[in-house]
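Here are some short exercises to work through with the model open beside you. Try each task on your own before reading its solution.

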Amino acid sequence: MKKLTSNTVLCMQPVPKTIVSCRDQNGRNNALVVGFAANASLDPVMVMVGIVPSRFSHHMVKETGCFVINLPKKSFQKEYAYLGSKSGRDEDKFAALDLKWEDGKYVNAPILTDCPVSIECSVVDSMLPGTHELFVGKVEAVHVDEEYLDGNGNILWDKMDLM
């Protein structure tokens, strides 16, 4: 028999763990761990991420209208924990972790190259229903490490050791 719980704060856990990377209008990169991420539409392909307005990255996504969703492997746990516990307001997290990155091909945001999947997104809408502003992003490109693609370009999710 199921039992009622009073813990409604985190009633669902997103899988896999998600890192959003972004860049401000002055070219400063930042990345943060995001607890709210989901598919939003199949046609056109869109995703959603939720960012608390007080977070340092919020204004970057709001002003530039773009972000990259990065899906880390379990071997990236140390970096993931750091990105989720430090603020870019206080330090350059890219420098502190010596993160490997490259410029997005379609959006003005960094791609974390140690993550096997990175999804470039352009913001098409946002809303603030509660604690998090939900940014709906049109998927502009999906970058996947070659070893995780089959001969037809399909992603081999079961071969990745994602968090």
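**Exercise 1: the first hairpin**

In E2, Val33 is the bridge partner of Ile19. Before going further, note that this is a predicted model, where local features need pLDDT of at least 70, side-chain atom pairs count only at pLDDT 80 or more, and totals for chains, interfaces and linings use all residues. Residues are numbered from 1 along each chain as its sequence is written, and side-chain values use heavy atoms, with hydrogens and water left out.

Task: work out how E1 and E2 pair, and what lies between them.

Solution.
- Step 1. Strands are DSSP runs of E with at least two residues, helices are runs of H or I with at least four, and both are numbered from the N terminus. Two strands pair if DSSP finds at least two bridges between them.
- Step 2. Strand E1 covers residues 18-23, and its pairing with E2 is antiparallel, over six bridges.
- Step 3. Opposite Arg23 in E2 stands Asn29.
- Step 4. Five residues separate the two strands of this hairpin, and Gly27 in the turn has a positive phi of about 90°.

**Exercise 2: the sheet around the hairpin**

Task: find the strand order of the open sheet, then say which strands stand at the edges.

Solution.
- Step 1. The seven strands are ordered E2-E1-E5-E8-E9-E4-E3, with antiparallel pairing.
- Step 2. The edges are E2 (29-34) and E3 (36-42); each has a single partner strand, so one side of each has no neighbour in the sheet.
- Step 3. From one strand to the next, the twist averages 35°. Angles run from 0 to 180 degrees between N-to-C directions, and axes are lines fitted to C-alpha atoms, for helices over the stretch in contact.
- Step 4. Helix H2 (residues 77-85) packs on the sheet and touches E1 and E2, its direction making about 95° with that of E2. Contact here means heavy atoms within 4.5 Å.
- Step 5. Buried means under 20% relative accessible area, exposed over 50%, and partly exposed in between (1.4 Å probe, protein chains only). Five of the six residues of E2 are buried, so this strand is largely enclosed by the rest of the structure.

**Exercise 3: helix H1**

Task: which residues of H1 are buried, and what do they pack against?

Solution.
- Step 1. H1 spans residues 56-64, with Phe56, Ser57, His58, Met60 and Val61 buried.
- Step 2. The buried residues of H1 pack against E1, E2, E4 (45-51), E5 (66-71), E8 (117-127) and E9 (133-144).
- Step 3. Gly65, just after H1, takes a positive phi of about 70°.

**Exercise 4: looking for disulfides**

Task: how many disulfides does the model have, and why do Cys22 and Cys115 not form one?

Solution.
- Step 1. A disulfide is a pair of cysteine sulfur atoms within 2.5 Å. By this rule the count is zero.
- Step 2. For Cys22, the closest cysteine sulfur is in Cys66, 8.3 Å away, too far for a bond. Cys22 is buried, at 0% relative accessible area.
- Step 3. For Cys115, the closest cysteine sulfur is that of Cys121, at 14 Å, again too far for a bond. Cys115 is buried too, with a relative accessible area of 3%.

**Exercise 5: the whole chain**

Task: list the elements of the protein in order, then see how many residues are buried as a percentage.

Solution.
- Step 1. There are three helices and nine strands, running β-β-β-β-α-β-α-α-β-β-β-β from the N terminus.
- Step 2. Of the 163 residues, 42% count as buried.
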